[in-house]
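Biologist: I am new to this one, so could you walk me through it step by step? I will ask, and you can reason aloud.

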Amino acid sequence: MRRFKILLTLAVTQLAFSACAIVPLYSHYNVKADPQEPAKQPSGAYLASTDVQWRLDWQCRDNWQFNKKAKTANPLGACLKTDNNFIGVAISGGGSRASVFSAAVLFELQRYGILQQVDVISSVSGGSFTAAYYVLSAEGMLKGPPTIEGSARPRWDPDKVFSKLQKNFMVKWVRNWFWPPNIVRYWFTYYDRTDVMVWVVADTLYDTSWFKGRGLHFKDLNPQRPYLILNATDNTDTGEQTRGTRVFCFTKECFAKIQSSIDRYPIAHAVVASAAFPAVFQSVTLKDYSQKEDRYVHLFDGGASDNLGITALTQILKEKTDTQAKKVIIVIDAHTSSYGKDPRHPNPRSLLDYYIDSNVIDAYETLMAELRYGKTSELEQWLEANNGKLIHLEFGDLKQGHPDLYEAVSRIKTNLKIKKNEAACLKHAARILVQAKMETLHADAWWANLIKFPPAEGYELPPYKLKPKKREEIISVDDVINMFCP
C-alpha cells in the first residue's frame, strides 16, 4: 500500500510539472525590435525578406566584401540593376532525406553556374537545415564576410556539409534529454523537447560556440548569398475564422507585424520551428510585442501549410517581378510516395496496427500529396503564362531509367537520421536528375545562356548498394520507432 502511494504521488507530481512550469523561463527567444538597430551595426538580416532585390547583378553581390565600418544594413546598394533573370529555389520537407538531397542538388546546380545566380531560397521542414546552412556559409577558408560577433562561418564544401547533415540528430536529441541541466529545465520551466533539438541543431550546424551563447543569428547571414525565407505553420488561435494561408515566414516583414527583431533571432530556432513535426516536437513560440497584453505566436512544421516552400516564391513572383523578366523556379522535392496498403493483402494490418491504426500516417501523406500537386500545378501554369519555367526535381523521374535507385530513395524514412548508404543513393539521384534537367535547358536557346555547359567537375560520388526490400517483410522495431519519431 505504501509503495502504491509513493508511485501515485510521483505520477501526480509528474503531471503537475508537465502541465505548468514553476519558473516561467524559455517560453520564447525573440526580442523586441529596436528602431535604431540597423544604424548601430551592419547586418545580413535584410536577406530574410520577401522584398527581394533580384535585379542586382549577382556577380557584384558575390564579389562584395563585408565592411563593418560601412554602418549600413544594405551593402548591395552599390550593385547595378542589370540582371533581368529571376531565379528562385524551393526546398521541400522530408527530414534528413530532404536536407541531404537538397544539399546534393545545390552542389550540382553550382556546377552548372545556376546556384550562383539564385535570388531567393524558400524552404520548409528538413529542407530548412540546408537552406539556412547555405545562406550562412562561405565558399573558401579565406572568403566570405565575418559574422557579426566573429564566430566561425560554416564552409560550403561537400565534405563539410554532408558530414554535418548526415549526423544522427535523433540520437543526440534523446541523449540530451538526460543532460542534468536539461532535466531540471524540462520539468521546472517552459523548456521542452523542441528546445533540446534546437541545442542539437545549433551545435551541429550553426556554430560550435553555442555553449558561450553565441549561436548564429539572422544578422549573421552572408550578404554574398541569396535571400532566405524559412517557412513554418502558424498554429495560433486568433479567435477569428482564418482564411487563406497559415504560412509564417521568418522574414523581417512577419517579425515587423509582432514588432520583433529578426536580426537577433537565432537561426537554429527558426530551422527547428520549420521542422517541428506535430506529436514529436512542441510548438516554437514567439512573443507578440505589438499587443499591450502578453500575447504569443505558436509555430510548428511548415510542411503542414506548404510542403514545398513555394507560397512565398509565388508571392514574390506576382508582386515583385515584371513580364519582361525571365523567371525560373527550381523545386527540390524530396517527397516519397511509398505509403498506402499493399493491394495483394486481404488484411493489411501490421503489428503496429493492433495498437494504433497506421491509417493516420497515410491520411497525412495523402493530404500532403494533394497540397503538393495543387501548388505546383498552379505555379507552373502561372510561369508558362508569364515568361517563366518550372524545374521540378523529384524522385519519380528516376522510375524509367533508374528503377532500382528510385526504389532505394523512396524507401528512405522521413526522419532526422540517415544511413551512409541512403545518403549515397540521394547524391547519385541528385546528379542524375539535375543533369537531365540542365541538358533539356541547354537544348532550348531561350534558356541556354542561364547555365554553364559543360558543367564544372563535381565532387566524387560515394559508392552505394541497392538492397531490395520485400513487401511481405514483417514490421521491425525501427519501423515502429520511425512512426513516432519521423
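What follows is a friendly exchange of questions and answers about this chain.

Modeller: Before we start, this is a predicted model, in which local features need pLDDT of at least 70, side-chain atom pairs count only at pLDDT 80 or more, and totals for chains, interfaces and linings use all residues. Residues are numbered from 1 along each chain as its sequence is written, and side-chain values use heavy atoms, with hydrogens and water left out.

Biologist: How many helices and strands does the chain have?

Modeller: We take helices (H or I, at least four residues) and strands (E, at least two) as DSSP runs, numbered from the N terminus. On that basis the secondary structure comes to 16 helices and 8 strands.

Biologist: What share of the residues is buried?

Modeller: Buried means under 20% relative accessible area, exposed means over 50%, and partly exposed lies in between, with a 1.4 Å probe and protein chains only. The chain has 486 residues, and the part of them that counts as buried is 51%.

Biologist: What percentage of the contacts with a separation of 6 or more comes from residues 24 or more positions apart?

Modeller: A contact means heavy atoms within 4.5 Å. Among contacts in the chain with a separation of 6 or more, residues 24 or more positions apart account for 81%.

Biologist: How many salt bridges are found in the whole structure?

Modeller: A salt bridge is a side-chain nitrogen of Lys or Arg within 4 Å of a carboxyl oxygen of Asp or Glu. Some are linked in a network, as with E108, R111 and R431. Searching the whole structure gives a count of 9.

Biologist: Which residue forms a salt bridge with E139?

Modeller: The closest N and O atoms of this pair are 2.8 Å apart. E139 lies in the loop between α5 (126–136) and α6 (158–165), and its partner in the loop between α9 (193–205) and β3 (227–234), so the pair ties together parts that are 86 residues apart in sequence. E139 is partly exposed at 35% relative accessible area, whereas its partner is buried at 6%. That partner is R225.

Biologist: Where does K437, the partner of D397, lie?

Modeller: The side chains of D397 and K437 meet in a salt bridge of 3.7 Å, N to O. The pair links distant parts of the chain, 40 residues apart, with D397 in the loop between β8 (388–394) and α14 (403–410). D397 is partly exposed at 41%, and K437 is partly exposed at 28%. The place of K437 is helix α15 (residues 420–443).

Biologist: Is K287 buried or exposed?

Modeller: K287 meets D294 in a salt bridge of 3.5 Å, N to O. D294 counts as partly exposed at 48% relative accessibility. The relative accessible area of K287 is 18%, which makes K287 buried.

Biologist: Why do the buried residues of α6 line one face of the helix?

Modeller: The buried residues of α6 are P158, V161, F162 and L165. An α-helix has 3.6 residues a turn, so residues three or four places apart point the same way. Taking the directions from the helix axis to the C-beta atoms, the buried residues of α6 line one face because they fall within an arc of 90°.

Biologist: Which elements do the buried residues of α6 pack against?

Modeller: At the start of α6, a side-chain oxygen of D157 reaches to within 3.1 Å of the backbone nitrogen of D159. As for packing, the buried residues of α6 meet α4 (95–111), α5, α7 (169–177), α9 and α15.

Biologist: Which residues does K81 touch, not counting those up to four places away in sequence?

Modeller: K81 is found in the loop between α3 (58–63) and β1 (85–91) and counts as exposed at 60% relative accessibility. One of the residues touched is L56, which lies in the loop between α2 (37–40) and α3 and is buried at 10%. The full set is Q53, R55 and L56.

Biologist: Which residue forms a cis peptide bond with F453?

Modeller: The bond that follows F453 has omega near 0°. The residue on its far side lies in the loop between α15 and α16 (477–484). That residue is P454.

Biologist: What is the phi of N387?

Modeller: N387 is found in the loop between α13 (359–385) and β8, and counts as partly exposed at 24% relative accessibility. Although N387 is not a glycine, its phi is positive, at about 60°.

How values were computed:
Polar contact = N/O pair within 3.5 Å; in protein donor to acceptor, adjacent residues only side chain to side chain.
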